[in-house]
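Me: I want the reasoning behind the labels on this model. Take me through them one at a time.

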Amino acid sequence: MVEGGSAQYLALLAAAFVLVGLLTPVMRKIAIRADIMDHPRSSHQTHKDPTPYLGGSAIIIGIVLITYAALLFEGASGRE
């Protein structure tokens, strides 16, 4: 089974995975609405349809929020 410390890291990984999964469609809608898209303009681009950006923003926001929440929880529990 998973040891105590490893279980916490696994839980953080799972929480980040879920949060990023929830944020990605939201960021996609924002990118489409604000026209933050990669419009193919040359033959060098492999995609034919416009591709929304901001997927990386969903990853960054998810990881930062989970890390911040973990730090707050650690500080509230009195562990050092």
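**Labels and their reasons**

Reply: Start with a polar contact: the side chains of H39 and D35 make one at 3.1 Å. The model is a predicted one.

Me: What makes the H39 and D35 pair a polar contact?
Reply: The distance between the side chains is 3.1 Å. The cut-off is a pair of N or O atoms within 3.5 Å. The pair therefore passes on distance.

Me: Where do H39 and D35 sit?
Reply: H39 is in the loop between β1 and β2. D35 is in the loop between α1 and β1, with β1 covering 37-38.

Me: Why is D35 called partly exposed?
Reply: Its relative accessibility is 49%. Exposed would need over 50%, and buried under 20%. D35 falls in between, so the label is partly exposed.

Me: What about the backbone of D35?
Reply: Phi is near 55 degrees, a positive value in a residue other than glycine.

Me: Which other residue has a positive phi, and where is it?
Reply: L54, with phi near 85 degrees; this residue is not glycine either. L54 is found in the loop between β2 and α2, and α2 spans 55-77.

Me: Is L54 buried or partly exposed?
Reply: Partly exposed, at 22% relative accessibility. Buried means under 20%, so L54 does not get that label.

Me: And why is H39 partly exposed?
Reply: The relative accessible area of H39 is 25%. That value lies between the 20% and 50% limits, so the middle label applies.

Me: What does H39 touch beyond its neighbours within four places in sequence?
Reply: Q45 and P50. H39 and P50 are 11 residues apart in sequence, yet their C-alpha atoms are 4.5 Å apart.

Me: Why is L23 called buried?
Reply: L23 has a relative accessible area of 19%. The limit for buried is under 20%, so L23 qualifies.

Me: Which residues does L23 touch, and where is L23?
Reply: L23 is in helix α1. Leaving out residues up to four places away, L23 touches A58, I61 and G62. L23 and I61 are 38 residues apart in sequence and 8.3 Å apart C-alpha to C-alpha.

Me: How do you know that L23 and I61 are in contact, with 8.3 Å between C-alpha atoms?
Reply: Contact is judged on heavy atoms within 4.5 Å, so the C-alpha distance does not decide it. I61 is listed among the residues L23 touches.

Me: Why is F17 called exposed?
Reply: F17 has a relative accessible area of 68%. Exposed means over 50%, so the label holds.

Me: What does F17 help to make?
Reply: A nonpolar surface patch of about 360 Å², together with V18 and L22. F17 lies in helix α1, residues 4-33. Patch residues need over 30% relative accessible area; F17 has 68%, so this condition is met.

Me: How are the elements ordered, and how many residues are buried?
Reply: From the N terminus the order is α-β-β-α. Buried residues make up 12% of the 80 in the chain.

Me: How confident is the predictor?
Reply: Mean pLDDT is 86, and 89% of residues reach 70 or more. Among the elements, α1 has the highest mean, 92, and β2 (residues 51-52) the lowest, 88. Where pLDDT is low, the predicted coordinates should not be read in detail.

Definitions and conventions. Residues are numbered from 1 along each chain as its sequence is written. Side-chain values use heavy atoms; hydrogens and water are left out. Patches are made of residues with over 30% relative accessible area and no salt bridge: like charges are joined within 9 Å, nonpolar side chains (Val, Leu, Ile, Met, Phe, Trp, Tyr) within 5 Å. Accessible areas come from the Shrake-Rupley method with a 1.4 Å probe; for residues, only the protein chains shown count as cover. A salt bridge is a side-chain nitrogen of Lys or Arg within 4 Å of a carboxyl oxygen of Asp or Glu. Helices (H or I, at least four residues) and strands (E, at least two) are DSSP runs, numbered from the N terminus. Buried means under 20% relative accessible area, exposed over 50%, partly exposed in between (1.4 Å probe, protein chains only). pLDDT is the predictor's confidence in each residue, from 0 to 100. A polar contact is a pair of N or O atoms within 3.5 Å; within protein, one must be able to donate a hydrogen and the other to accept it, and residues adjacent in sequence count only if both atoms are side-chain atoms.
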